[in-house]
Amino acid sequence: SALSYAQQEIKAEEATKHEGDSVKICTKIYGTRFLEGSNRQPTFLNGGAKYPDSPITFVIFGESRPAFKNKPEEFYMDKQVCVTGRIVMYKGKPEIILTSEAQITVQ
């Protein structure tokens, strides 16, 4: 699927209203977690606030981890980042799935 570079920049708090949209969100990462023993080995980066209050979660599945030079749960912690991608809802909460380092830049 082709990435649309005409995505709009939104605030993390507005993510719920943009399900299915390709967006750019700039926010601080307040918490991270790598669930190594879990199905698909997800890494969670909580944007905008600490879990469970984060308005947006960025998710990197195990199969995408090799695309990141550094351990995402360490490298992005407490950093201001801009993330591009499509918002999907998971259990009523907005997420962006990251498959490449190009989708997340440190400010």
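This is a short walk through the salt bridges, the disulfide, the strand pairing and a few backbone oddities of one predicted model.

Okay, housekeeping. Because the model is predicted, local features need pLDDT of at least 70 and side-chain atom pairs count only at pLDDT 80 or more, while totals for chains, interfaces and linings use all residues. Residues are numbered from 1 along each chain as its sequence is written, and side-chain values use heavy atoms, with hydrogens and water left out.

Let's start with the disulfide. The structure holds one, and the cut-off for calling it is a pair of cysteine sulfur atoms within 2.5 Å. The cysteines are C26 and C82, with their sulfurs 1.9 Å apart. C26 sits in strand β2 and C82 in strand β5, so to speak two distant parts of the chain, 56 residues apart. When I say strand, I mean a DSSP run of E of at least two residues; a helix is a run of H or I of at least four, and both kinds are numbered from the N terminus. The link is right-handed, with 110° about the S-S bond. For those who like the chemistry spelled out, a disulfide is a covalent bond between the sulfur atoms of two cysteines.

Is C82 buried or exposed? C82 counts as buried, at 6% relative accessibility, and C26 counts as partly exposed, at 27%. The scale there is under 20% relative accessible area for buried, over 50% for exposed, and partly exposed in between, using a 1.4 Å probe and protein chains only.

Now, the strands around that disulfide. β2 and β5 run antiparallel and are joined by seven bridges; two strands pair if DSSP finds at least two bridges between them. One position to click on is V23, which stands opposite G85 in β5. β5 also runs antiparallel to β7, with three bridges joining them, and there V83 has I104 as its bridge partner in β7. Then β5 pairs with β6, again antiparallel, over four bridges. Y90 and K93 are bridge partners there, K93 being in β6.

β5 and β6 make a hairpin with two residues between them. K91 is in that turn, and its phi is positive, about 50°, although K91 is not a glycine. At 74% relative accessibility, K91 counts as exposed.

On to salt bridges. How many does a search of the whole structure find? Three, taking a salt bridge as a side-chain nitrogen of Lys or Arg within 4 Å of a carboxyl oxygen of Asp or Glu.

Take E63 and R40, where the closest N and O atoms are 2.6 Å apart. E63 is in the loop between β4 (56-60) and α1 (72-75) and R40 is in the loop between β2 (22-34) and β3 (43-47), so this pair ties together parts 23 residues apart in sequence. E63 counts as exposed at 53% relative accessibility, whereas R40 is partly exposed at 43%. R40 is also on my list of backbone oddities: it has a positive phi of about 65° without being a glycine.

Next, K69 and E101, which meet at 2.9 Å, N to O. K69 is in the loop between β4 and α1 and E101 in the loop between β6 (93-97) and β7 (104-106), so the two ends are 32 residues apart in sequence. K69 is exposed at 70% relative accessibility, but E101 is buried, with a relative accessible area of 19%.

The remaining pair is E73 and R65, also 2.9 Å, N to O. Both partners are buried; for R65 the relative accessible area is 17%. R65 lies in the loop between β4 and α1. What is R65 in contact with, leaving aside its neighbours within four places in sequence? With F34, T43, I60, K71, P72 and E73, where contact means heavy atoms within 4.5 Å.

One more for the backbone people: the peptide bond from Y51 to P52 is cis, with omega near 5°. P52 is found in the loop between β3 and β4. As background, most residues other than glycine have a negative phi, and most peptide bonds are trans.

If you open the model after this, I'd start at C26 and C82, then go over to R65 and E73.
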